[in-house]
Amino acid sequence: MNSPLRLGIAGLGTVGASLARLIETKRQTLEHRVGRSLTIAAVSARDASKDRGVDLSAARFFADPVALARDGEIDVFVELVGGSDGAALDSVRAALSRGIPVVTANKALLAYHGMALAELATANGTEILFEAAVAGGIPVIKTMREALSGNDVKRVYGILNGTCNYMLTRMEKEGIAFDDCLKDAQRLGYAEADPTFDIGGFDAGHKLALLTSLAFGCAIDLDSVFIEGIEAVTLDDIRAAAELGYRIKLLAVAQRTESGIEQRVHPAMVPAGSAIARVDGVTNAVAIDTDLLGSILLAGPGAGGNATASAVLSDIMDVATGFVPPTFGVPPEKLSPYRRARMRAHEGGYYIRLSVQDRVGAFASIAQRMAEHRISLESIVQRRAPGAAADTAAPVILITHETSEEAVRNALAAVSQDGHLTDEPKMIRIEPLK
Ligand code: NAP
Ligand code: HSE
């Protein structure tokens, strides 16, 4: 057998502790597969005394992940601390600077600093592996980087945040309130340490920025990702979507357009019969449209300890066998500059919900504004609750035919200014998926 692979694991939370437990329970099989022993040589966490559900007494403990990364007795640094800066960034830099590979599940870190870190890795003859950073346990990074390397990707889209999908599913199926669903997602270990990253769409945005780079061979450009979260999605929207034959999902889409690459994360109404609509709970799904293969769909657990640790483990196994490909598929200097398509140029159908004061001329004025912006309406429905007083505001739902984001935003600004609304207008984009 070859020399042991000595692991330094920073972070022993949901993912780190699951990883340590998996290595201990599956050790024999794993070592047989890679042909060498795997040793958890050193670990780092804030609390040295916390029970992690696994015996780590043989591993040296470091309170500081940077000190662990600099330790000469580890061969690979596994970063499971989280956060785009601070201890995660400093420790990953320290490991790469001394030329040892880094395995991480940290999409925020890579979305912000991936280019600089990939350059640092290359300069020091090593790489970063990050299968667990996108879509939890689904092997989407290896699929895009290796299995599809002969294809040209036209579009990649899907459900990239388990917390939001879990919440939207429970809101729809059980009528449970937003905040209660979020608490359950946190209890189950799906949510980020700061859950606004999940519900605000930022976590999916970080993941999409990484997928975009792999899909189109371009530099990561997080600033160009249009991000809207699920905070404003209500049970009423979910019910209205169902009546119209849709389901609401937090969708992440990156696609080539004539003006550049569009990257967007937002709640979307997807046809109830589409494959994406059937992805429920913490499950993630990534659809990839390519020139040679047509469309493929990968689906599986998108968050949680074991699912994520499974992906981390696959990277560790690659390091153990010496398979350490370029971080983003090609050396960083070969990634093309990112060419951004403006979100305002996005075209599609829209669901619009207005809270309209019930008075003569309000409907006509709304229809007039839509016409002025060349927006063609598929339907317009007033959804007054049974028994509601005649002089209270009534929800009005508009469904548009295909139009531009620019037109919708301008029309809604004009409708707001006309003074017939009691609340900010709301819109959800309609995604005509199969
Ligand atoms: P977590 O449960 O909050 O665990 C974080 C770990 O890092 C804890 O063990 C904590 O120590 C340690 N830590 C935090 N700050 C530290 C510091 N300054 N110095 C030393 N140790 C520190 O997080 P997680 O859910 O496992 O997530 C870890 C990473 O995986 C994140 O990047 C996350 O985005 C990513 N990820 C998570 C999931 C998931 O389903 N949870 C899925 C995919 C990717 P203590 O335990 O002592 O407090
Ligand atoms: N908080 C993330 C999610 C973890 O819910 O998808 C997996 O990256």
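**Close-up views of two ligand sites and a domain pair**

A backbone N or O atom of Gly13 lies 2.9 Å from an oxygen atom of ligand 1. The model shown here is predicted.

**View 1. Backbone atoms meet ligand 1.** Start at Gly13, where a backbone N or O atom is 2.9 Å from a ligand 1 oxygen atom. Move on to Thr14. A polar backbone atom of Thr14 is 3.0 Å from an oxygen atom of ligand 1. Gly189 pairs with another element: its backbone N or O atom lies 3.1 Å from a nitrogen atom of ligand 1. On its own, ligand 1 has 900 Å² of accessible area, and the protein covers 85% of it.

**View 2. The shell around ligand 1.** How many residues surround ligand 1? There are 26. The closest are Leu12, Asp47, Arg52, Glu192 and Gly304. Sorted by class, the shell has eleven nonpolar residues, nine polar residues and six charged residues. The space that ligand 1 takes up is the largest pocket.

**View 3. Side chains meet ligand 2.** Three side chains are picked out here: Lys107, Asn161 and Thr163. In Lys107, a side-chain N or O atom is 2.6 Å from an oxygen atom of ligand 2. For Asn161, the distance from a side-chain N or O atom to a ligand 2 oxygen atom is 3.5 Å. Thr163 places a side-chain N or O atom 2.6 Å from an oxygen atom of ligand 2. Ligand 2 exposes 260 Å² when taken alone, and the protein buries 94% of that.

**View 4. The surroundings of ligand 2.** Which residues come nearest to ligand 2? They are Lys107, Gly162, Thr163, Tyr190 and Asp198, out of 13 residues around the ligand. Ligand 2 sits in the largest pocket, and the space taken by ligand 1 is that largest pocket too.

**View 5. Domain 2 beside domain 3.** The domain assignment gives domain 1 as 5–133, domain 2 as 147–301 and domain 3 as 345–430. This view takes the second and third of these. The centres of domain 2 and domain 3, taken over C-alpha atoms, are 26 Å apart. Where the two domains are in contact, domain 2 contributes 17 residues and domain 3 contributes twelve.

Definitions and conventions. Residues numbered from 1 in each chain as written. Chains lettered and ligands numbered in written order. Predicted model: local features only at pLDDT ≥ 70, side-chain atom pairs only at ≥ 80, totals over all residues. Heavy atoms only, no water. Near = heavy atom within 4 Å. Polar contact = N/O pair within 3.5 Å; in protein donor to acceptor, adjacent residues only side chain to side chain. Areas by Shrake-Rupley, 256 points an atom, 1.4 Å probe, with all protein chains shown as cover. 1 Å grid on protein atoms, 1.4 Å probe; cavity = no way out; pocket = protein on both sides within 12 Å on 5 of 7 lines; lining within 4 Å. Sits in = over half its atoms within 2 Å of the grid points. Nonpolar A, V, L, I, M, F, W, Y, C, P; charged D, E, K, R; others polar. Domains from an automatic or database assignment. Contact = heavy atoms within 4.5 Å.
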